[in-house]
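Open your viewer and keep the selection panel handy. We will go from stop to stop, and at each one I will tell you what to pick and what you will find.

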Amino acid sequence: MYTNAVFYIIPTQLFHILKVKGMVDMRKIALAASIIASLGILGACSQGNSNDTKDMDHSSMKMEGMDHSSKDMKDMDQDKMKGHESHSNVVSLNNSTGVNEVKVPAELKRNNKDEVVYTVRAQKGKTEIFDGVQTNTYGYNGSFLGPMIRLEKGETVKIRTINELDEDTTFHWHGLEVSGEKDGGPQSILKPGEENTFELKVNQEAATLWFHPHPHGKAAEQVYNGLAGLVYIEDDHSKSLGLPNDYGKNDFPLIFQDRIFDDKKQLNYSAAMNTDGTIGDTLLINGTLNPKLTVNKEKVRLRLLNGSNARNYTFKLNTGDSFLQIATDGGFLNEPVSLKEITLTPSERAEIVVDFSKIKEVNDLALINEDGSVLLPFVVTNQSGETSMVPKKLNDLSLEDKEMDLPVTKKVELFGMMDMVTINGKKFDPERIDFTQKQGVTEVWEIYNKPDMMGGMIHPFHIHGAQFKVLSRDEKKPPENEQGWKDSISVKPDETVKIAVQFKHKGIYMFHCHILEHEDNGMMGQIKVE
Ligand code: C2O
Ligand code: CU
Ligand code: CU
């Protein structure tokens, strides 16, 4: 209580002083707050047991000086403060009023005549997100977001990518196991008007992946403006399981993105931008404002993608009913895991199955966020729908002893906030290769999130071109629902996560924090796989 009170008072006065001096710069305030925290006022960092990651979470650290209830905050330059009051004390999302049926991304048509199977164009356009208002947006093969691209394991397809924007972009395939030159990282810039066609042999199991731009320093803004699409990989096994798989009927992708709209209802990135991760008060699901989802009384598969620049979500049903998680980022779990809530940090995916025939209270049923804000109201019809099932055994992923016993050969230290973010003390340098690894050889990476004076924040760590296995969190077995293929993993302050990483292909790949502003600010490194 004592430290909390001190924290509450001092930063409030600090804002005054800084404001008088004209230093209304979040970074300086953060730095000053760090200094104060280090001046013998032992903050919550040192209070808690550092093994208890819950205690390390900033929301429980009571950085009240940066709370929006502080009057001074209200007069502060709002543009600088959008969204964040502190690392993880973020503005709530407005409740969805549920007036719009959630849009389902179109499945991209295959071209079976010519050599090229799929053509993907990055475009600018206008989208009616708010009734009667045109918002300037970006999209793939359309004005906003992108289509769903379906791939089959074992097939070879040619994909043609075209940059129709008037700025540089790349086409990055998040979660896809491809060689470095096809991965679409920042090294693969397409200038306006340029295009690139590549051949892809699909060599990984069924999963829900996605694609988005990756030009260094501009990824966050381009994703924010609407560049993001889905990749579904199917295989014989996934089709034989009997899971709900009727696209747009009982199998829905849900892309969660929070945005701020200005008074002209535009996505004004430079005004909304926060170097610590842009957070908005308005949720769009698949680009739909105030979404609802109409379902039958049946098992429904929801493929959740956190496509936000920085916001974390903890999804749950407002009735407290449980659901089954069946897949992680890169494939099915061995067995479905029953959960009451699930947290996804930026770029993480989870496939869950909600059995709407089993839920008793279907009036006012909704998917809500941890803080209770209504993300997606459900309308449950009286129809019974299909009789799909969720088998007890979904996959046969194994963690062999030999993986468990491997020594740590790569160490990654995540550190910092705002634009002062680093990996192993360094910022991204396209000329520097940080790590090398042999193709087909498993190595254990240890990822440590080093707290700062203010406690630190969660960094979602992502590796390109590979799906990895989570070996441990702070030397303990990872939760059941992380015992599947992953390409992104949340790492809490002071937490150490060990993962087993193997690359099937060669090339240069990025690894980075998937808070897109952190990535753009250089919280990224490169690995060369030979
Ligand atoms: Cu989602 Cu570097 O990517
Ligand atoms: Cu990626
Ligand atoms: Cu980060």
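Is His 172 buried or exposed? Select it and look: His 172 is buried, with a relative accessible area of 0%. Keep in mind throughout the tour that this is a predicted model.

**First stop: ligand 2**

Leave His 172 displayed and add the copper ion (ligand 2). The NE2 atoms of His 172 and His 462 coordinate this ion at 1.9 Å. Now colour the two strands behind them: His 172 belongs to strand E6 (residues 172–174) and His 462 to strand E26 (residues 459–463), so this pair ties together parts that lie 290 residues apart in sequence. Switch on a surface for His 462 and you will find that it is buried too, at 0% relative accessible area.

**Next stop: ligand 3**

Select the copper ion (ligand 3) next. Which atoms coordinate it? They are ND1 of His 459, SG of Cys 513 and ND1 of His 518, at 2.0 to 2.2 Å. If you follow these donors along the chain, their spacing reads H-x53-C-x4-H. Two of the residues here are worth checking for burial: Cys 513 has 0% relative accessibility and counts as buried, and His 518 is likewise buried at 0%. While you are here, glance back at strand E26, whose range is residues 459–463.

**Into the nonpolar cores**

Hide the metals and show side chains for Phe 256, Leu 302, Leu 304, Phe 315, Phe 356 and Phe 378. These touch the most other members of the largest nonpolar core, which has 33 residues. Highlight strand E21 (residues 374–380) as well, since with four residues it gives the most to this core.

Centre the view on Phe 378. What is it in contact with, leaving aside neighbours within four places in sequence? The partners are Leu 293, Leu 302, Leu 317, Phe 356, Val 362, Leu 365, Ala 366 and Leu 367.

Then move over to Leu 414, Val 421, Trp 445 and Phe 468, which are among the 31 residues of a second, separate core.

**Zooming out**

Finish with the whole chain in cartoon view, where the secondary structure comes to 11 helices and 31 strands. Of its 530 residues, 57% count as buried. Take the contacts between residues at least 6 apart in sequence, and 76% of them join residues at least 24 apart. Lastly, turn on the full surface: its accessible area is about 21,500 Å², with 50% belonging to carbon and sulfur atoms.

Methods. Residues are numbered from 1 along each chain as its sequence is written. Chains are lettered from A and ligands numbered from 1 in the order in which they are written. This is a predicted model: local features need pLDDT of at least 70, side-chain atom pairs count only at pLDDT 80 or more; totals for chains, interfaces and linings use all residues. Side-chain values use heavy atoms; hydrogens and water are left out. Donors are N, O and S atoms within 2.8 Å of the metal (3.2 Å for Na, K and Ca); water is not among the atoms, so sites may look incomplete. Buried means under 20% relative accessible area, exposed over 50%, partly exposed in between (1.4 Å probe, protein chains only). A nonpolar core is a set of buried Ala, Val, Leu, Ile, Met, Phe, Trp, Tyr and Cys residues joined through side-chain atoms within 4.5 Å. Contact means heavy atoms within 4.5 Å. Accessible areas come from the Shrake-Rupley method with a 1.4 Å probe; for residues, only the protein chains shown count as cover.
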